[in-house]
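Biologist: I am new to this structure and should like to be guided through it. May we take it up one question at a time?

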Number of protein chains: 2
Amino acid sequence: MDDTAAALDPAAMLAVALEEARTGRAEGGVPVGAALFGPDGRLLGRGRNRRVQDGDPAAHGETSAFRAAGRLRGYGDTTMVTTLSPCWFCSGLVRQFGIGAVVIGEARTFQGGHEWLAGFGVRVTVLDDPECVALMRDFIAARPDLWEEDIGR
Amino acid sequence: MDDTAAALDPAAMLAVALEEARTGRAEGGVPVGAALFGPDGRLLGRGRNRRVQDGDPAAHGETSAFRAAGRLRGYGDTTMVTTLSPCWFCSGLVRQFGIGAVVIGEARTFQGGHEWLAGFGVRVTVLDDPECVALMRDFIAARPDLWEEDIGR
């Protein structure tokens, strides 16, 4: 995909995050993917949960995408897209850095802090995407131990 | 310091975090350090803000210490000690992973989510340590640009 192809279309942005999530699943990891986009639809960073791959418990989809974007000044006009409702860690990331918008693949299999974020004025869109739901449902059924580890249960 | 020397004494634990913060300052970085301790006072991981050193905007003191501890199951009996009140990103980390206690060097120069955490039952101790305050005051006066970047202002 061209870096600007998404152009802030939620479904097109989600496709980038979903590709990351599928890659993570194929690697034996937690299938959550994310990407950070600029106001012009330019992809700033993309990433996936890498708990298994890197042995890194802080590498959630959103934190990986945020890291991949490098050091930036000001996130108010950026959009974080993620395949799954952001956990409290990743919701805290959005709040602290003032990321302006969050696009979420699904919030059925897990719900983190996206309603909390909306209360602070973050523009939150939940797409309720069936592919995101299926990916997580299958993963949680197959690896409940890994999933619970990833969310600190 | 011996790995178990701290033995959950707040001042001894803070000394580890403060050493990290001072190292970070000497490296030209944001001087916030942290460490994660187990219930027996064993040091599980320690780290410091590495935004400048690694070009990593997600490397706050607390996230660095959490990563250094590697993959763990259950954080309820762990203590995160940090030189500075945890920002929302790091407060979200504590909440999501259920870290049981947070020891904070100071909350004068910056206040993140530690009161929010206390409201969820996290045992929060603020030491109001003058060395931690001085370290941050000097840093913020010297590098306001870097400090504001680090907290997304």
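Biologist: Which backbone nitrogen does the side chain of Thr63(B) reach, and at what distance?
Modeller: In this predicted model, Thr63(B) lies in helix 3 of chain B, which spans residues 61-68. Its side chain reaches a backbone nitrogen at 2.9 Å, and that nitrogen belongs to His60(B).

Biologist: Is Thr63(B) buried or exposed?
Modeller: A residue counts as buried when its relative accessible area is under 20%. For Thr63(B) the value is 2%, so the residue is buried.

Biologist: Which residue of chain A does Thr63(B) touch, leaving aside residues up to four places away in sequence?
Modeller: Within chain B, Thr63(B) touches Ala58(B), Phe89(B), Cys90(B) and Leu93(B). From chain A, the residue touched is Phe89(A).

Biologist: What relation links chain B to chain A?
Modeller: Chain B can be laid on chain A by a turn of 180° with a shift of 0.0 Å along the axis, giving an RMSD of 0.0 Å. The relation is therefore that of a two-fold axis.

Biologist: Which residue of chain B has the C-alpha nearest the axis?
Modeller: The C-alpha in question is 2.4 Å from the axis. Both copies use the same surface, as 100% of the contact residues of chain B recur in chain A. The residue nearest the axis by its C-alpha in chain B is Gly92(B).

Biologist: Over residues 8-124 of chain A, how far apart are the end C-alpha atoms?
Modeller: UniProt, in an unreviewed entry, lists these residues as "domain: CMP/dCMP-type deaminase". Over residues 8-124 the chain is 38% helix and 21% strand. The distance between the end C-alpha atoms is 13 Å.

Key
Residues numbered from 1 in each chain as written. Chains lettered and ligands numbered in written order. Predicted model: local features only at pLDDT ≥ 70, side-chain atom pairs only at ≥ 80, totals over all residues. Heavy atoms only, no water. Helix = DSSP H or I, 4+ residues; strand = E, 2+ residues; numbered from the N terminus. Buried < 20%, exposed > 50% of the residue type's maximum accessible area, 1.4 Å probe, protein only. Polar contact = N/O pair within 3.5 Å; in protein donor to acceptor, adjacent residues only side chain to side chain. Contact = heavy atoms within 4.5 Å. UniProt positions renumbered as here; feature names shortened; annotations may be inferred. Least-squares fit on C-alpha atoms with pLDDT ≥ 70 in both.
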